[in-house]
Amino acid sequence: MSILIQQIVNGLMLGGLYVMVAVAFTLIVGMLNFLNFTIPALFMVAAVTTWATMAGGFGADVDGVLVALLGADNRWIAGALFAIIVVTLASLVIERFTYRYTKTKYGDSTEHALPLVSSLGFLIAFEHLVISIWGSDVMTVASPFGNASFYIGSIQFSVPQTISLILSLIIVFLLSFLLQKTKLGRALRAIAERPDTALLMGIDVGKIVPIVYIIAGLLSATAGILFTLNYTTVDAYVGDRVASIAIAGMVLGGLGNVWGAIFGGLLIGMLEVLSIYFLGASAVKISIWGLLLLLLIIRPTGLFGHTSIGKGKF
């Protein structure tokens, strides 16, 4: 029994990362009504940037300066800050070309496949940019936290993974508070329900939408940073692998529902770890997508979804 509980705990730790990526997808789907494929790209950029800063991937000169300023064990702090800056700027560029340009040129860009296709183009471009600089091989780095852990009874808790889970849940709860209780949140929910009506009510949609992209980007960046610090292995396609599972969690919880994305992310994390334990790594995708297919047959809107995209999601 203790082994089973240990695997469930490990799944929750992993699910905390999926939660942030699933919520990032949910924000874009819920408010702009398209699947933004740049989210896995931003996750990967943050993960690789953190790795490069910790492992000297930016060159000996930059690494020497970081070691002198922060010490060898604290380079991850600079990596995290740099990753957040890079992803924030990238999010603004992505918003400009996946939403604003098509909105200006074609009106309601969500009625076209252009935002989806252009976001897919950004994903491919970012992946091959990383490959051109650091190659396609798996890149590893030593964890700055070592094997720090603690026990509750016979159950082991990794300190960095526990911090990651708590941090991810705090961030998502703060996001939920922002959506429900603040003026910005009311504007975001108005845009999600009726963007044209929101514009008539005086909401500056042109200024609010970039905020949506930045929030989604920061969620992805945070997840990517925590992934590198916890699992210490990255490559150009790490975002694809994580996002494919996070998308399953988002759909499982219900499209456009933040709380559904939280539940779905945690559930998918536990299912992945338990599948590896009981059935082997090769059965993970079968378990996850099999459960998702079964659920969609029984309840097409997901566990907490709504039949009307744009109403009551947040």
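## Nonpolar core and aromatic pairs

In this predicted model, the largest nonpolar core comprises 90 residues, and those with the most contacts inside it are Val-21, Val-23, Met-31, Leu-32, Phe-126 and Leu-219. Helix H1, which spans residues 2-32, gives the most to this core, with 17 residues. For Val-21, leaving aside residues up to four places away in sequence, the residues touched are Ile-39, Phe-43, Ala-223, Val-242, Ala-243 and Ala-246.

Aromatic rings can be followed in a similar way. A pair of aromatic rings is described by the distance of the centres and the angle of the planes. The structure holds 11 aromatic pairs, and two of them are set out below.

| Pair | Centre to centre | Angle between planes | Class |
|---|---|---|---|
| Phe-227 and Tyr-231 | 5.2 Å | 40° | tilted |
| Tyr-277 and Phe-278 | 4.8 Å | 80° | edge-to-face |

Phe-227 and Tyr-231 both belong to helix H9 (residues 205-231), where they lie 4 residues apart, about one turn of the helix. Phe-227 has a relative accessibility of 14%, which is under 20%, and therefore counts as buried, whereas Tyr-231, with a relative accessible area of 27%, is partly exposed.

In the edge-to-face pair of Tyr-277 and Phe-278, Tyr-277 is partly exposed at a relative accessible area of 39%, while Phe-278 reaches 54%, which is over 50%, and so is classed as exposed.

Ring pairs also link Trp-51, Phe-58, Phe-82 and Trp-134 into a cluster.

Note on methods. Residues are numbered from 1 along each chain as its sequence is written. This is a predicted model: local features need pLDDT of at least 70, side-chain atom pairs count only at pLDDT 80 or more; totals for chains, interfaces and linings use all residues. Side-chain values use heavy atoms; hydrogens and water are left out. A nonpolar core is a set of buried Ala, Val, Leu, Ile, Met, Phe, Trp, Tyr and Cys residues joined through side-chain atoms within 4.5 Å. Buried means under 20% relative accessible area, exposed over 50%, partly exposed in between (1.4 Å probe, protein chains only). Helices (H or I, at least four residues) and strands (E, at least two) are DSSP runs, numbered from the N terminus. Contact means heavy atoms within 4.5 Å. Rings of Phe, Tyr and Trp (its six-membered ring) pair if their centres lie within 6.5 Å; planes under 30 degrees apart count as stacked, over 60 as edge-to-face and the rest as tilted.
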